[in-house]
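I set out to record what I looked up in this entry, one topic at a time. The notes follow the order in which I opened each part.

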Amino acid sequence: MNKLVLTYQSLEDLNIGDYVQSIAALQFLGKKTVKYWDREKLTQYDGKPAKLIMNCWFSSKYGNFPPSSRIKPLFISFHLNAKDVNAFLEDHRNIEYLSQFKAVGCRDINTASRLKSKGVKAYFSGCLTLTLGNTYKPRNASNKICFVDAISTRSTNRNLREKVAELVSDLIFFARNTKEILKVRESLYQHNHLVNSTIGISWRRVQYSIQTFKVVKNLISPKLWSSIVYYTHHYNAKAYDSDAERFERADFLLKEYASSSLVISSRIHAILPSTGIGVPALYLNQKNDDPLSECRKSGLTDLLNYVDLIGSKIVRNEHGLIETTNQIKPLNKHQGLVEKMNEDVIEYLEESL
């Protein structure tokens, strides 16, 4: 059987969460028997007929759909983003293509609703990364807390006054908490493949560290700060050039999350895998988020422990200050979704091409 797995070499920036999604597919497909194929080139595939688990955002560039007729897809964890959803749904070729399948499993409720409005059979499947507990298991959890990208998305509607006020606030906070903020920045460079330059990215990373510590200071007890390891899912594409390096990095991070006592992140592909693996996890949810990000969350946040933020300010927290690493308890609301995804993928792989 010919099998493909999605990769993302065409994108200028690297979100390692994309490769976490592909690892979720690889655990069913087998690493040694697949061919990598760029998500942005699905229309160009002209090889032997092949199966492909279509579990991601389609797509960053409009026009890369429908896939080649040589691909027999499984639509599960399928996401249409607010950026292109109207154009996608107005293209009759896309609707005709999707309508030929018995049902499209969607990563979020919003995508399922939009497809159903066009007569496409669709349902909320959840994200395939929730099945990563099939492969990764909690491993001798220490007191380590993995803190991954406190703020990865936020509203783009802030005016100049709000941006200036935030900058002033960040500078004042930095002056008052310099030592701890520099520790965040040091951990960030120590545990991630980042270039420690003195210009450009340097200020961006300092600001990242400032805003990260703002969240930490108001969420986690000082006695636990030394247990925090800081990671990011966002890199310059050149940091990990090859798909092999990117899969290796994604695997490394999943193992780090599996060996942690708590994962805290604004990245759904850090929180959902951790939830699936069985590691306590806390989602940092931007309350006034950009529509391009907000549309991804419907249905998923119902499965998660979370706090609400506006920027780096916590505006809703039902968990209180985290005093111990076992304070956040797994909700285990995802099990039914995982069982169905496992069944659907196995059934699909058993079908003939």
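**Entry 1: the open sheet**

I began with strands β1 (residues 3-7) and β4 (residues 50-54), which pair in the parallel sense over 2 bridges. I looked up L4 and found that its bridge partner in β4 is L52. I note here that the model is a predicted one.

I then traced the sheet to which these strands belong: 4 strands in the order β3-β1-β4-β5, open, with parallel pairing. β3 (34-38) and β5 (71-75) are the edge strands; each has a single partner, so one side of each is left without a neighbour in the sheet. For the twist I noted that neighbouring strands are turned by 35° against each other on average, direction ignored.

I also checked what lies across this sheet. Helix α11 (residues 335-350) lies across β4 and β5, and it runs at about 165° to β4.

**Entry 2: charges over rings**

I looked for lysines placed over aromatic rings. The charged end of K51 sits over the ring of Y348, 5.1 Å from the ring's centre. K340 lies over the face of Y123, at 5.2 Å from the ring centre.

**Entry 3: aromatic pairs**

I counted 20 aromatic pairs. How are the rings of F58 and F78 arranged? Their centres are 5.2 Å apart and their planes stand at 20°, which is under the 30 degrees for stacking, so I entered the pair as stacked. F58 belongs to the loop between β4 and β5, and F78 to the loop between β5 and α2 (85-90), so the pair ties together parts that are 20 residues apart in sequence. Both F58 and F78 are buried.

For F173 and F213 I noted ring centres 6.0 Å apart and planes at 45°, so this pair is tilted. It links distant parts of the chain, with F173 in helix α5 (residues 160-176) and F213 in helix α7 (residues 201-219), 40 residues apart. F173 and F213 are each buried.

I also recorded a cluster in which ring pairs link F58, F65, F75, F78, F88, Y97 and F101.

**Entry 4: helix α9**

Is helix α9 (residues 268-277) mostly covered or mostly open? I found it mostly covered, with 10 of its 10 residues buried. Among the buried residues are I268, L272, P273 and I277. I asked what covers them, and the elements include α1 (16-29), β8 (145-148), α8 (243-258), β11 (262-265) and β12 (281-286). Just after α9, I noted that G278 takes a positive phi of about 105°.

Technical notes: Residues are numbered from 1 along each chain as its sequence is written. This is a predicted model: local features need pLDDT of at least 70, side-chain atom pairs count only at pLDDT 80 or more; totals for chains, interfaces and linings use all residues. Side-chain values use heavy atoms; hydrogens and water are left out. Buried means under 20% relative accessible area, exposed over 50%, partly exposed in between (1.4 Å probe, protein chains only). Contact means heavy atoms within 4.5 Å. Two strands pair if DSSP finds at least two bridges between them. Axes are lines fitted to C-alpha atoms, for helices over the stretch in contact, and angles run from 0 to 180 degrees between N-to-C directions. Rings of Phe, Tyr and Trp (its six-membered ring) pair if their centres lie within 6.5 Å; planes under 30 degrees apart count as stacked, over 60 as edge-to-face and the rest as tilted. A charge sits over a ring if NZ of Lys or CZ of Arg is within 6 Å of the ring centre and within 35 degrees of the ring normal.
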